Amino acid sequence: MKKYLQLLLLPVFLIFLSSCEKEESIFNFSDEQVDVFNAFDWDFSRQGILKVEKITENISVIFGYGGNILVSTGTDGTLIVDSQFPQLNKSILEEVEKLGGSNIDYIVNTHWHFDHAEGNRAFGPTGSTIIAHENSREFMKNNNEIDIVLVKYPQQSYPNDSLPTITFKDKMALNFNNNNISLFNFGPAHTTGDTIIFFKEENVIHFGDILNIDSMVFIDSGNGGSLSGMINNLEEALKIINKETIVVPGHGQITDYETVKIYLESLIISKERLLEMINQNMQLADIIENNPIKDLENILGDTSVLIDRAYLSLTRNKTIEQGQ
Ligand SMILES: [Zn+2]
């Protein structure tokens, strides 16, 4: 009888094993990718990684490893902006449930970078509808290298079930949880596929990495981002919001209109000073050594990565005087 029971349970056990393997495969990262996680001190086995801040009646922000996740819960379901990492999917869902959501109906990716979109690989296969700028979808379909100067991240292509199924070019509207939600792309900035998301009724905006007020400003110039584009995007975004708007940056704490304005002004000054040096034919190493924006580090964080990537975007075009 016992043997019979064992035989009977064997298929159940095998199904259990294969489902574990499937889950494990979501968490598979190459040694090069793990090196980057370590460089950022991201240890996914740590407890209590996520912190949650409620910012309006229906909107909260989850802070963890990678980009800030905005969560909108309500009668229409749950929408999140950015998805962090698949290793955190269960913890993210637990927090969404505490906020009154059950599953994640929609994900809007601010852009395709791994620290904002990797969680798609966990949520996409379970039925979340993913929305992003059309260029971000293209990047997610392919293998890419992100040169963060200090480290390089080889981002793998995403499977079909983890890709955005809804894309847009310049602007798109969603009506969800009593909010008119506008998705804007104002041309290349941090990447070539950025989305700024504005919740009109609750007066909340998520900037993605166009606004990074954590430790440093990073522009993915290696994949088409540019300092001039960052400036242009911030100028356009300031036209949509007002002094009462609650501002969610890609990285860093919840902030406000004034911070965005000061950050923008600092980038404009950075561009002017860098262009001056570039037009004197100074090379990158000299510019970094004679750092012309050191005094802005209380606003922009460490500026060495910013100078490196801004230099690349400013010197890419022949017309250096204006810069791109
Ligand atoms: Zn990014």
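This passage walks through the fold, the core, two helix pairs and a few loop residues of a predicted model.

Starting with the overall picture, the chain contains 11 helices and 14 strands. Of its 324 residues, 42% are buried. Among contacts with a separation of 6 or more, 64% link residues that sit 24 or more positions apart.

Next comes the core. In soluble globular proteins, nonpolar side chains tend to be buried together. Here the largest nonpolar core takes in 65 residues, and Val108 and Ile205 are the ones with the most contacts inside it. Helix H11, spanning residues 304–315, gives the most to this core, contributing 6 residues. For Ile205, once its neighbours within four places in sequence are set aside, the contacts are Ile196, Ile197, Phe198, Ala237, Ile241, Thr245, Val247 and Val248. One of these, Ala237, belongs to helix H7 (residues 227–240), while Ile196, Ile197 and Phe198 come from strand E12 (196–199). Ile205 itself is part of strand E13 (204–206).

Helix H7 also packs on helix H8 (residues 257–279), with the two axes 10 Å apart and an angle of about 150° between them. An angle over 145 degrees counts as roughly antiparallel, so that is how H7 and H8 run relative to each other. The crossing is left-handed. On the H7 side, the contact is made by Leu227, Ser228, Met230, Ile231, Leu234, Glu235 and Leu238; facing them from H8 are Val260, Lys261, Leu264, Leu267, Ile268 and Lys271. Sorted by class, the residues of this contact come out as 9 nonpolar, 1 polar and 3 charged.

H8 has a second partner in H11, and this pair is arranged in another way. The axes of H8 and H11 come within 11 Å and cross at roughly 65°, which makes H8 roughly perpendicular to H11. This crossing is right-handed. From H8, the residues involved are Ser270, Leu274, Leu275 and Ile278, and they meet Leu306, Ile307, Ala310, Tyr311, Leu314 and Thr315 of H11. The contact of H8 with H11 has 8 nonpolar and 2 polar residues, with no charged ones.

Turning to the loops, two residues catch the eye for their backbone angles. Most residues other than glycine have a negative phi. Asp82 is not a glycine, yet its phi is positive, at about 75°. Asp82 sits in the loop that joins strand E4 (77–81) to helix H3 (89–98). A residue is buried if 20 or more other C-beta atoms lie within 10 Å of its own; Asp82 has 29 such neighbours and therefore counts as buried. Asn203 likewise has a positive phi, about 55°, without being a glycine. Its place is the loop between strands E12 (196–199) and E13 (204–206). Asn203 is partly exposed, since 16 other C-beta atoms lie within 10 Å.

A third loop residue, Asp43, lies between helix H2 (31–39) and strand E1 (51–54). Asp43 is exposed, because the count of other C-beta atoms within 10 Å is 10, and 12 or fewer is the cut-off for that class. Asp43 is separated from Tyr65 by 22 residues in sequence, with their C-alpha atoms 8.9 Å apart in space.

Notes:
Residues numbered from 1 in each chain as written. Predicted model: local features only at pLDDT ≥ 70, side-chain atom pairs only at ≥ 80, totals over all residues. Core = buried A, V, L, I, M, F, W, Y, C linked by C-beta atoms within 7 Å. Helix = DSSP H or I, 4+ residues; strand = E, 2+ residues; numbered from the N terminus. Contact = placed C-beta atoms within 7 Å. Axes fitted to C-alpha atoms, helices over the stretch in contact; angles between N-to-C directions. Parallel < 35°, antiparallel > 145°, perpendicular 65-115°, else oblique. Left-handed = near helix turned anticlockwise from the far one by under 90°. Nonpolar A, V, L, I, M, F, W, Y, C, P; charged D, E, K, R; others polar.
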